[in-house]
Amino acid sequence: VVGKDARVSRSVLGRGVVVGAGCVVDGSYLQERVRLGERVKTTSALICEGSVVHDGAVVGNGEGRAEG
């Protein structure tokens, strides 16, 4: 389930994943049953099965995309 105004790009979402409203998920792998709160940002992240990420959290390297 992907919430309102959430953006998911270059990512894999496992079964039962919930992406909250306003999230940005880029280049990330969310394993089964991961729950992202609202306005979460993930970049190049691996989020393990059953994890809960709370509203407004930032997860990953935060350095943007590698080109080349």
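**Close-up views of a predicted model**

**Arg15 is exposed, with a relative accessible area of 64%.** Welcome to the model, which is predicted rather than determined by experiment. This view starts with Arg15 and its partner Glu32: the two side chains form a salt bridge, and their closest N and O atoms are 2.7 Å apart. The pair ties together distant parts of the chain, with Glu32 in the loop between E5 and strand E6 (35–36) and Arg15 in the loop between E2 and strand E3 (18–19), 17 residues apart. Glu32 counts as partly exposed because its relative accessible area is 28%, between the 20% limit for buried and the 50% limit for exposed.

**Arg33 and Glu49 meet in a salt bridge.** Here the N to O distance is 2.9 Å. Arg33 sits in the loop between E5 and E6, while Glu49 belongs to the loop between E8 and strand E9 (52–53), so that this link also spans distant parts of the chain, 16 residues apart. Arg33 is partly exposed at 46% relative accessibility, and Glu49 is partly exposed at 45%. Step back a little and a network appears: salt bridges with shared partners join Arg15, Glu32, Arg33 and Glu49.

**Arg10 and Asp26 are joined by a salt bridge.** Their side chains meet at 3.2 Å, N to O. Once more, distant parts of the chain are linked: Arg10 is in the loop between E1 and E2, and Asp26 is in strand E4 (residues 24–26), 16 residues apart. Which partner is buried, and which is exposed? Arg10 is exposed, at 51% relative accessible area, whereas Asp26 is buried, at 11%. Across the model, the count of salt bridges comes to five.

**Three strands make an open sheet in the order E2-E5-E8.** The pairing in this sheet is parallel. At its edges are strand E2 (12–13) and strand E8 (46–47), each of which pairs on one side only. Look at E2 and strand E5 (residues 29–30): they run parallel and are joined by two bridges. Val12 stands opposite Tyr29 in E5.

**Val2, Val8 and Leu13 share a nonpolar patch on the surface.** Together these three residues have about 210 Å² of accessible area. Val8 is part of strand E1 (residues 7–9). At 36% relative accessibility, Val8 is partly exposed.

**Twelve residues form the largest nonpolar core.** Nonpolar side chains tend to be buried together in soluble globular proteins. In this model, the members of the core include Ala6, Val17, Val19, Cys23, Val25 and Leu30. Also among them are Val34, Leu36, Val40, Ala45, Ile47 and Val53. To explore the core from one of its members, try Cys23. Setting aside residues up to four places away in sequence, Cys23 touches Asp5, Ala6, Arg7, Leu36, Gly37, Glu38, Arg39 and Val40.

**Thr42 is buried, with a relative accessible area of 0%.** This residue lies in strand E7 (residues 41–43). What is Thr42 in contact with, leaving aside its neighbours within four places in sequence? Its contacts are Val24, Val25, Asp26, Ser28, Leu36, Ile47 and Val59. Some of these names have appeared in earlier views: Asp26 is the salt-bridge partner of Arg10, and Val25, Leu36 and Ile47 belong to the largest nonpolar core.

Notes: Residues numbered from 1 in each chain as written. Predicted model: local features only at pLDDT ≥ 70, side-chain atom pairs only at ≥ 80, totals over all residues. Heavy atoms only, no water. Pairing = 2+ DSSP bridges. Helix = DSSP H or I, 4+ residues; strand = E, 2+ residues; numbered from the N terminus. Patch = residues over 30% accessible without salt bridge, like charges linked within 9 Å, V, L, I, M, F, W, Y side chains within 5 Å. Areas by Shrake-Rupley, 256 points an atom, 1.4 Å probe, with all protein chains shown as cover. Salt bridge = Lys/Arg side-chain N within 4 Å of Asp/Glu carboxyl O. Buried < 20%, exposed > 50% of the residue type's maximum accessible area, 1.4 Å probe, protein only. Core = buried A, V, L, I, M, F, W, Y, C linked by side-chain atoms within 4.5 Å. Contact = heavy atoms within 4.5 Å.
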